[in-house]
Amino acid sequence: MKIATIVARSLLGLIFVVFGLNMFLHFIPMPPPPEGPARDFMMALFVSHYLYVIGALQVTGGVLLLIGRKVPLGLTLLGPVIVNILCFHVLMAPAGLPMAIVVSLLALFLLWRYREHFAGLVKNARVISDLPRQAIATGNASVNS
């Protein structure tokens, strides 16, 4: 399972570093988006320069996955990007859906492998009334809360 984690982490990191850098350096020619909402959406991202924010998140998250340090932080940075990619292809450009599904499955696998780092997001937190009472020192006297 450790080898599968390394392969998935490296593959996902490489995908995001390459395509994130492509938003800045344009070394992979991009075909024009299909007509309709996909074209309008991509033009809005391009005109507002929001693509640079997405590219920076992709490169940063991808590098963290590639070097293998702070992988949960890398997954946290890439999570919204992956959701946006998946929604874009499901709702506007189904031609790229197979690759979006592969990327999503790799991310879900890594999320499962690093689930202990995200456990606090889904566990019930203890409420204050469940915590043991502690004495609070106030000056010379001790007061129970």
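**Exercise 1. Determine which helices cover the buried residues of H3 in this predicted model.**

Solution.
Step 1. Establish the buried set: in H3, the residues Leu51, Ile54, Gly55, Gln58, Val59, Gly61, Gly62, Leu64 and Leu65 are buried.
Step 2. Identify the cover. The elements lying over these buried residues include helix H1 (2–25), H2 and helix H4 (71–91).
Step 3. Relate the list to helical geometry. An α-helix has 3.6 residues a turn, so residues three or four places apart point the same way. Leu51 and Ile54 are both in the buried set, as are Gly55, Gln58 and Val59.

**Exercise 2. Compare the span of H3 with the span expected for a helix with its number of residues.**

Solution.
Step 1. Count the residues: H3 has 18, and the helix covers residues 50–67.
Step 2. Take the span from the first C-alpha to the last, which is 26 Å.
Step 3. Set this beside the expectation at 1.5 Å a residue, 26 Å; the span of H3 is close to that value.

**Exercise 3. Describe how H2 and H3 are placed against each other, and classify the residues in their contact.**

Solution.
Step 1. Locate the axes: those of helix H2 (residues 37–47) and H3 come within 5 Å, with a crossing angle of roughly 85°.
Step 2. Classify the angle. Because 65 to 115 degrees counts as roughly perpendicular, H2 is roughly perpendicular to H3.
Step 3. List the participants. H2 contributes Met42, Leu45 and Phe46, while H3 contributes Tyr50, Leu51 and Ile54.
Step 4. Sort them by class: the contact of H2 with H3 has 6 nonpolar residues, no polar and no charged ones.
Step 5. Combine with burial. Leu51 and Ile54 take part in this contact and also belong to the buried residues of H3.

**Exercise 4. Decide whether Leu66 is buried, partly exposed or exposed, and find its contacts beyond its sequence neighbours.**

Solution.
Step 1. Place the residue: Leu66 is in helix H3.
Step 2. Apply the cut-offs. Buried requires under 20% and exposed over 50%; at 36% relative accessibility, Leu66 is therefore partly exposed.
Step 3. Leave aside neighbours within four places in sequence; Leu66 is then in contact with Arg9, Ser10, Gly13, Leu14 and Val17.
Step 4. Examine one of these partners. Val17 lies 49 residues from Leu66 along the chain, and their C-alpha atoms are separated by 8.8 Å.

**Exercise 5. Identify the positive phi values in the loops on either side of H3 and just after the helix.**

Solution.
Step 1. Begin in the loop between H2 and H3, where His49 is found. Phi of His49 is near 65°, a positive value in a residue other than glycine.
Step 2. Move to the position just after H3: Gly68 has a positive phi of about 80°.
Step 3. Continue into the loop between H3 and H4, which holds Lys70. Lys70 is not a glycine, yet its phi is positive, at about 60°.
Step 4. Add accessibility: Lys70 is exposed, with a relative accessible area of 58%.

**Exercise 6. Summarise the chain as a whole, and give a long-range pair that involves Leu11.**

Solution.
Step 1. Count the elements: the chain has 5 helices and 2 strands, in the order α-α-α-α-α-β-β from the N terminus.
Step 2. Assess burial and surface. Of 145 residues, 28% count as buried; the chain exposes about 10,100 Å², of which carbon and sulfur atoms supply 70%.
Step 3. Consider contacts between residues at least 6 apart in sequence: 61% join residues at least 24 apart.
Step 4. Turn to Leu11, which lies in helix H1 and is partly exposed at 40% relative accessible area. Its C-alpha atom and that of Val103, 92 residues away along the chain, are separated by 9.1 Å.

Definitions and conventions
Residues are numbered from 1 along each chain as its sequence is written. This is a predicted model: local features need pLDDT of at least 70, side-chain atom pairs count only at pLDDT 80 or more; totals for chains, interfaces and linings use all residues. Side-chain values use heavy atoms; hydrogens and water are left out. Helices (H or I, at least four residues) and strands (E, at least two) are DSSP runs, numbered from the N terminus. Buried means under 20% relative accessible area, exposed over 50%, partly exposed in between (1.4 Å probe, protein chains only). Contact means heavy atoms within 4.5 Å. Accessible areas come from the Shrake-Rupley method with a 1.4 Å probe; for residues, only the protein chains shown count as cover. Axes are lines fitted to C-alpha atoms, for helices over the stretch in contact, and angles run from 0 to 180 degrees between N-to-C directions. Angles under 35 degrees count as roughly parallel, over 145 as roughly antiparallel, 65 to 115 as roughly perpendicular and the rest as oblique. Ala, Val, Leu, Ile, Met, Phe, Trp, Tyr, Cys and Pro count as nonpolar, Asp, Glu, Lys and Arg as charged, and the others, Gly among them, as polar. The expected span of a helix is 1.5 Å times one less than its number of residues.
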